[in-house]
Amino acid sequence: MTYQYSTQGTCSRLIEIELDNGVIKSVSFTGGCHGNLQGISSLVCGMTPDEVIARLEGIRCGSKDTSCPDQLARALKAILANPA
């Protein structure tokens, strides 16, 4: 199943996440630092949402209260709280 999450407080505007049997199959970001976000997307494939949340939640970008990795963790928490 594919989910979309509108980010807040980051250069990226949208995260699209595909889950298959509770495992992340793909992640793509719209906007943001293309190379870094490609790397994050590649690294999290094959992981469970809980594993990604544990590693990325709370990461900050400069003086911002969040970051693209933190927004991915928030998106995954929202998916787990309200599965379709």
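Two strands count as paired if DSSP finds at least two bridges between them, and strands (E, at least two residues) and helices (H or I, at least four) are DSSP runs numbered from the N terminus. The model here is predicted, so local features need pLDDT of at least 70 and side-chain atom pairs count only at pLDDT 80 or more, while totals for chains, interfaces and linings use all residues. Residues are numbered from 1 along each chain as its sequence is written, and side-chain values use heavy atoms, with hydrogens and water left out.

**Exercise 1: the sheet**

Work out the strand order, then place Gln4 and Leu14 in the sheet.

*Solution.* Start with the order: an open sheet of 3 strands runs S1-S2-S3, with antiparallel pairing. Strand S1 (2-6) and S3 sit at the edges with a single partner strand each, so one side of each has no neighbour in the sheet. From one strand to the next, the twist averages 20°; angles run from 0 to 180 degrees between N-to-C directions, and axes are lines fitted to C-alpha atoms, for helices over the stretch in contact.

Now zoom in. S1 and S2 pair in the antiparallel sense over 5 bridges, and Gln4 has Glu16 in S2 as its bridge partner. Leu14 is also found in strand S2. Setting aside neighbours within four places in sequence, Leu14 is in contact (heavy atoms within 4.5 Å) with Gln4, Tyr5, Ser6, Thr7, Ser28, Phe29 and Thr30. The C-alpha atoms of Leu14 and Thr30 are 5.1 Å apart, although 16 residues separate the two along the chain. Leu14 has a relative accessible area of 22%, which makes it partly exposed (buried is under 20%, exposed over 50%, partly exposed in between, with a 1.4 Å probe and protein chains only).

**Exercise 2: the core**

Find the elements that build the largest nonpolar core, and say which gives the most.

*Solution.* First, the rule: such a core is a set of buried Ala, Val, Leu, Ile, Met, Phe, Trp, Tyr and Cys residues joined through side-chain atoms within 4.5 Å. This one has 20 residues, and Ile17, Val27, Val44, Val52, Leu72 and Leu76 touch the most other members. Strand S2 (12-20), strand S3 (23-31), helix H1 (34-44), H2 and helix H3 (68-81) each give two or more residues. H3 gives the most, with 6 residues.

Take Val44 as a sample: beyond four places in sequence, its contacts are Ile24, Val27, Val52, Leu56 and Leu72.

**Exercise 3: two helices and two buried residues**

Describe how H2 and H3 pack, then follow Pro49 and Asp70.

*Solution.* Geometry comes first: H2 and H3 pack at an angle of about 145°, with their axes 9 Å apart. On the H2 side, the residues are Pro49, Asp50, Val52, Ile53 and Leu56; they meet Pro69, Asp70, Leu72, Ala73, Leu76, Lys77 and Leu80 in H3.

Next, Pro49 belongs to helix H2 (residues 49-56) and is buried, at 6% relative accessibility. Outside four places in sequence, Pro49 touches Leu19, Gly22, Ile24, Leu76 and Leu80. Its C-alpha atom is 7.7 Å from that of Lys77, 28 residues away along the chain.

Last, Asp70 in helix H3 is buried too, with a relative accessible area of 3%. Its side chain makes a polar contact with the side chain of Arg74 (2.8 Å). That term means N or O atoms within 3.5 Å; within protein, one must be able to donate a hydrogen and the other to accept it, and residues adjacent in sequence count only if both atoms are side-chain atoms.
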